[in-house]
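Notebook open, structure viewer open. I want to look up the basics first and then follow a few strands and odd spots.

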Amino acid sequence: MAILLNNVGYGNAPWRNALGELLPDDVVLTPEDAITPDDVEFALVWDHPLGDLNRYPNLKAILLLGAGTEHIDRETYLPSVPVVRLIDPDVVMEMARYALYWVLHFHRGFDSYQAQQAAQYWHRHQVPTASEFGVTVLGLGQIGAKVAAFIASNGFRVNGWDAAPKSVSGVETFSGADALSDAFEHASVVVNCLPLTMQTHHFLNTHTLSLLPTDAVLVNISRGDVIDEKAVLQFIRQKRIKGAVLDAHSIEPLPSTSALWQHPNVWITPHIAGATKAQSAAKIVVENITRIRNGEAPFPQHLPPCQQFMTKIDVASQS
């Protein structure tokens, strides 16, 4: 049996090397190799061609090479096998540190000092204590919960919001659409960790942005399409929010023609808040392969919309 590896956009070589060390008895195939569909036992993929995963009759699991699921959610049909997200603790901590960096940046007013340096102007600003500086984290899944707890552990006042009730140590949590304004009430920084789904597409739009304080900065470390970029830029221009730090964008690479590059209160980074490294992440993937081979459930599993639909049909046919 073999493992299909296809990390579109990021390269297969590092993964192939890492998997070869961890699974020396397995054959790792990439799309450039001659593949016999019956031989493929596991598919390790990112942005794999739509429909291709249906041609492997002995597939036991689809293991995603990242935390996001938007590419697999576009599939109209998938075999009835587990779909497993990749949550690498090293990557999660990188994202938490990235978020903390920007919280510190705006808490201490470093954006103001940067502008003062350009103007050759010396002036000290009074800043609130960390416990008085409000941070709201949107999305309290495995990544968002860690980000919120990490920021709180550095003394900041942190609110967390999720569609469903969640509990995070050191964080005041809110849930449901009606509680969003309460979660935003004292936020000077809002960190978006919501996954991109049909429900969260343009979640941060004209309506939800209007709930933010005018001195708030939005930090997006999730997916670009969770926010309405045009609305965000409009709110910044109208000084209805202070600014935005955008690590993810609706089109990547961000086109040179985008107005986001030009505004002084928009900070752009090229989707580097948490970079997956094959050497550490391959260990997580192999742990899940071992679980499956031992008859155990992999973690964390994801149910794409097409599998949800098939599950409903199966339940209906049995009733």
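**Surface first.** I started from the outside: the protein exposes about 16,000 Å², and carbon and sulfur atoms supply 53% of that area. Accessible areas here come from the Shrake-Rupley method with a 1.4 Å probe, and for residues only the protein chains shown count as cover.

**What I am looking at.** This is a predicted model, so I noted the rules: local features need pLDDT of at least 70, side-chain atom pairs count only at pLDDT 80 or more, and totals for chains, interfaces and linings use all residues. Residues are numbered from 1 along each chain as its sequence is written, and side-chain values use heavy atoms, with hydrogens and water left out.

**Overall build.** I looked up the helices and strands and found ten helices and 13 strands. Helices (H or I, at least four residues) and strands (E, at least two) are DSSP runs, numbered from the N terminus. The radius of gyration is 22 Å, close to the 20 Å that the globule rule gives for 319 residues, so the protein is as compact as a globular protein of that length. That radius is taken over C-alpha atoms, and the globule rule is 2.2 Å times the number of residues to the power 0.38. The C-alpha atoms fill a box of roughly 70 × 50 × 40 Å, taken along the principal axes.

I checked burial too: 50% of the 319 residues count as buried. Buried means under 20% relative accessible area, exposed over 50%, and partly exposed in between (1.4 Å probe, protein chains only). For contacts (heavy atoms within 4.5 Å), I took pairs at least 6 apart in sequence, and 61% of those join residues at least 24 apart.

**Charges.** I found 22 positive and 32 negative side chains, with the centres of the two sets 7 Å apart. Lys and Arg count as positive and Asp and Glu as negative, while His and the chain ends are not counted. Each charge is placed at NZ of Lys, CZ of Arg, CG of Asp or CD of Glu.

**A six-stranded sheet.** In what order do the strands of the open sheet lie? I read β2-β1-β3-β4-β5-β13, with mixed pairing. At the edges stand β2 (27–29) and β13 (301–302), each with a single partner strand, so one side of each is left without a neighbour in the sheet. Two strands pair if DSSP finds at least two bridges between them. I followed one pair: β1 (residues 2–7) and β3 (residues 40–46) run parallel and are joined by six bridges. Ala2 stands opposite Val40 in β3.

**Around β6 and β9.** Is β6 (residues 134–138) mostly covered or mostly open? It is mostly covered: five of its five residues are buried. Gly134, Thr136 and Leu138 point one way, Val135 and Val137 the other. This fits what I was taught: in a regular strand the side chains alternate between the two faces of the sheet. β9 (residues 189–192) has a similar entry in my notes: Val189 and Val191 point one way, Val190 and Asn192 the other, and all are buried.

I then traced the neighbours. β6 pairs in the parallel sense with β7 (residues 157–162) over five bridges, and Val135 stands opposite Val158 there. β6 also pairs with β9 in the parallel sense, over four bridges, where Leu138 has Asn192 as its bridge partner. Four bridges join β9 to β10 (residues 217–220), again parallel, with Val190 opposite Leu218.

**Odd backbone spots.** Most residues other than glycine have a negative phi, and most peptide bonds are trans. So I went looking for exceptions. A cis peptide bond joins Glu252 and Pro253, with omega about -5°; Pro253 sits in the loop between β11 (243–246) and β12 (266–268). Another cis bond joins Phe299 and Pro300, omega about -5°, and Pro300 is in the loop between α9 (278–293) and β13.

His202 has a positive phi of about 55° and lies in the loop between β9 and α7 (206–209); at 28% relative accessibility it counts as partly exposed. Lys239 has phi near 60°, lies in the loop between α8 (229–237) and β11, and is exposed at 68%.

**Last stop, Arg74.** Which residues does Arg74 touch, not counting residues up to four places away in sequence? I found Asp47 and Leu50.
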